[in-house]
Amino acid sequence: MEGHHPAVEEYTEAIFELLEDDVEVIQARIAERLEVSRPAVSEMVHRLERDGIINNRAGRISLTIEGESIAQRTVRRHRLAECFLTDILGLSWAEAHVEAGKWE
């Protein structure tokens with residue numbers, strides 16, 4: 001399994017979740033979701049597009065097949081960690097969500 005920079009995983013996860021929530025994926029939504037500046041998102045979007053991880057057409061962002069694969073692996077790990085933390089360790093969902101994010 002190919003490893004990816006944590007930022008790539010973070011961005012693909014955010015895009016995946018926005019799509020899952022049926023939210024139009026534009027740079028401003030990614031910036032809000034990740035709580036980062038729009039210039040930082042713009043730079044990363046260019047890098048992800050160059051690397052074939054996303055498509056950016058007319059300001060609308062989608063995942064490529066590779067990007068979808070990265071996002072699914074990242075989301076799966078996060079959700080499994082949340083299940084472990086809530087079901088086995090008894091943390092609240094909110095606590096588990098934050099802790100699972102740290103584990104990533």
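In which sense do E1 and E2 pair, and over how many bridges? In this predicted model, the two strands run antiparallel and are joined by four bridges. Two of the cross-strand partnerships can be spelled out: Asn55 is bridged to Ser62 of E2, and Asn56 has Ile61 as its bridge partner in E2. E1 covers residues 54-57 and E2 covers 60-63, and together the strands make a hairpin with two residues between them.

The two faces of the hairpin strands look quite unlike in terms of burial. On E1 the side chains alternate, with Ile54 and Asn56 pointing to one face and buried, while Asn55 and Arg57 point to the other face and are not buried. E2 also has two faces: Ile61 and Leu63 make up the covered one, and Arg60 and Ser62 the uncovered one. Putting the bridges on top of this, the Asn56–Ile61 pair joins a buried residue of E1 to a residue on the covered face of E2. The Asn55–Ser62 pair brings together a residue of E1 that is not buried and one from the uncovered face of E2.

What about the turn itself? Ala58 sits in the loop between E1 and E2, and its phi is positive, at about 55 degrees, although the residue is not a glycine. Ala58 counts as exposed because its relative accessibility is 77%, and the cut-off for that class is over 50%. As for where Ala58 stands relative to a residue further along, Phe84 is 26 residues away in sequence, and the C-alpha atoms of the two are 40 Å apart.

A second non-glycine residue with positive phi turns up elsewhere: Asp22, at about 60 degrees. Asp22 belongs to the loop between H1 and helix H2, the latter spanning residues 27-34. With a relative accessible area of 71%, Asp22 is exposed.

On to the helices. H1, residues 6-20, packs against H2 with the axes coming within 10 Å and crossing at roughly 110 degrees. H1 is therefore roughly perpendicular to H2. The crossing is right-handed. On the H1 side, the contact involves Glu10, Tyr11, Ala14, Ile15, Glu17 and Leu18, and these meet Arg29, Ile30, Arg33 and Leu34 of H2. Sorted by class, this contact holds six nonpolar and four charged residues, with no polar ones.

H1 also packs against helix H3, residues 38-50, at an angle of about 100 degrees and with the axes 11 Å apart. H1 and H3 are therefore roughly perpendicular to each other as well. Here H1 contributes Ala7, Val8 and Tyr11, and H3 contributes Ala40, Val41, Met44 and Leu48. The residues of this contact split into seven nonpolar, no polar and no charged. Tyr11 thus appears in the contact with H3 and is also listed in the contact with H2.

Two residues of H1 deserve a separate look. Is Glu17 buried or exposed? Glu17 lies in helix H1 and is buried, because its relative accessible area of 18% falls under the 20% cut-off. Setting aside residues up to four places away in sequence, Glu17 touches Arg33 and Val75. Arg33 is one of the H2 residues in the contact between H1 and H2.

Leu19, also in helix H1, counts as partly exposed at 40% relative accessibility. Beyond its neighbours within four places in sequence, Leu19 is in contact with Val25 and Leu63. The second of these, Leu63, is on the covered face of E2, and this ties the helix to the hairpin. The other residue of that covered face is Ile61; its C-alpha atom is separated from that of Leu19 by 9.6 Å, although the two residues are 42 apart along the chain.

Technical notes. Residues numbered from 1 in each chain as written. Predicted model: local features only at pLDDT ≥ 70, side-chain atom pairs only at ≥ 80, totals over all residues. Heavy atoms only, no water. Buried < 20%, exposed > 50% of the residue type's maximum accessible area, 1.4 Å probe, protein only. Contact = heavy atoms within 4.5 Å. Pairing = 2+ DSSP bridges. Axes fitted to C-alpha atoms, helices over the stretch in contact; angles between N-to-C directions. Parallel < 35°, antiparallel > 145°, perpendicular 65-115°, else oblique. Left-handed = near helix turned anticlockwise from the far one by under 90°. Nonpolar A, V, L, I, M, F, W, Y, C, P; charged D, E, K, R; others polar.
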